[in-house]
Amino acid sequence: MVYEQLKKYFQDLIKRNELESEEIRVMTRPLTAEEAIGTPEDDDYPLLKGRERLMEAVFRGAKGHAYTDLFGDYEAGIEDIGNLEMVNNFKRAVFIASLNAVMRYLELAEGTIHCRNEEPVECAQDLNRYLRDSFGPLERVGLVGLQPRLLEALAEEHRVRAGDLDPETIGQTRHGVLIEPADEIDGIIDWAELILVTGTTMVNGTIEQFLDLDCPVVFYGVTIAGPARVLNLNRFCVKGH
């Protein structure tokens, strides 16, 4: 189970760095939309709709973010964070944001803070070049998790199928691409030559569906910053801080 692997890594990390004996606390809280993404020109980002929020963990001044649809304040000792039972999206968000913050503090992860203002547009402008350079020519690309600018960029150069969990977007056509429901994602995986997947799958409990596939998988965003390093996953996030 991927979460047990991450918990063991986190527990070993704090022991190796002799952090367990100190009264160190990790504080997490949900950010407002403006804190998380600033004031981008486009208003169609999920963060601006309020259904999801970014949880921010702070450890010795280092920050880590994680997307979640279950959010709230949480504060605990670092050992308690390492022992969290990740039974829901809130607990997983607390753990993942904290892992990102601790790894950032120890210089084991980068890009753990969300991009802001017009940086999501700039990020999307680099996506197709990254895919060409890393995987060669691609015709069919699947997108799991609607990030509007990434979908817009992909649709310019590829045939795209996109899936999302948000009932407000499912069934809509964006940039010529129908947004499909979760029960179509297996079909998208079978169809695509490469899958681009939101790192939020690490928090919402669907990450296992996208591991060990026959086609390449790239996870995008800040949520998966630390886990991607631990699990040796491909990650695209060129404008994270």
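A residue is taken as buried when its relative accessible area is under 20%. In this predicted model, Asp164 has a relative accessibility of 13% and therefore counts as buried. Asp164 is placed in the loop that runs between strand 6 (159-163) and strand 7 (173-174). Two polar pairings involve the side chain of Asp164. A polar atom of that side chain lies 3.1 Å from the backbone nitrogen of Leu146, and a polar contact of 2.8 Å joins the side chains of Asp164 and Thr169. Leaving aside residues up to four places away in sequence, the contacts of Asp164 comprise Gly145, Leu146, Thr169, Ile170, Ile179, Glu180, Pro181 and Ala182. Leu146 and Thr169, the partners in the two polar pairings, thus recur among the residues that Asp164 touches.

The nonpolar interior was examined next. In soluble globular proteins, nonpolar side chains tend to be buried together. The largest nonpolar core holds 48 residues, of which Phe95, Ile195 and Phe219 touch the most other members. Helix 5 (residues 89-105) supplies the largest share of this core, with 10 residues. For Ile195, contacts beyond four places in sequence are made with Gly142, Val144, Ile188, Ile189, Cys215, Pro216, Val217 and Val218. A second core, separate from the largest one, contains 22 residues, among them Tyr130, Leu151, Ala162 and Leu194.

Charged pairs form a further set of interactions. Side chains of opposite charge can pair when their charged atoms come close. The model contains 9 salt bridges. One of them joins Asp12 to Lys8, with the closest N and O atoms 2.9 Å apart. Both residues belong to helix 1 (residues 2-16), where Asp12 and Lys8 are 4 residues apart, about one turn of the helix. Asp12 has a relative accessibility of 26% and is therefore classed as partly exposed.

Helix 6 (residues 119-135) contains another such pair, Asp126 and Arg129, which are 3 residues apart, about one turn of the helix. The side chains of Asp126 and Arg129 meet in a salt bridge with an N to O distance of 3.8 Å. Because its relative accessible area is 23%, Asp126 is partly exposed; Arg129, at 39% relative accessibility, likewise counts as partly exposed. The pair is also part of a network of salt bridges that links Asp126, Arg129 and Asp133.

A salt bridge is also formed between Arg132 and Glu157, whose closest N and O atoms are 2.7 Å apart. Arg132 lies in helix 6 and Glu157 in helix 7 (residues 148-157), so this pair ties together parts that are 25 residues apart in sequence. The relative accessibility of Arg132 is 41%, which means that Arg132 counts as partly exposed, and Glu157 is assigned to the partly exposed class at 44%.

The last site considered is His241, located in the segment after strand 11 (234-236). With a relative accessible area of 37%, His241 is partly exposed. The C-alpha atoms of His241 and Lys63 are separated by 9.6 Å, although the two residues are 178 residues apart along the chain. When residues up to four places away in sequence are not counted, His241 touches Arg104, Gly111, Thr112, Ile113, His114, Cys115 and Glu119.

Methods: Residues are numbered from 1 along each chain as its sequence is written. This is a predicted model: local features need pLDDT of at least 70, side-chain atom pairs count only at pLDDT 80 or more; totals for chains, interfaces and linings use all residues. Side-chain values use heavy atoms; hydrogens and water are left out. A salt bridge is a side-chain nitrogen of Lys or Arg within 4 Å of a carboxyl oxygen of Asp or Glu. Helices (H or I, at least four residues) and strands (E, at least two) are DSSP runs, numbered from the N terminus. Buried means under 20% relative accessible area, exposed over 50%, partly exposed in between (1.4 Å probe, protein chains only). A nonpolar core is a set of buried Ala, Val, Leu, Ile, Met, Phe, Trp, Tyr and Cys residues joined through side-chain atoms within 4.5 Å. Contact means heavy atoms within 4.5 Å. A polar contact is a pair of N or O atoms within 3.5 Å; within protein, one must be able to donate a hydrogen and the other to accept it, and residues adjacent in sequence count only if both atoms are side-chain atoms.
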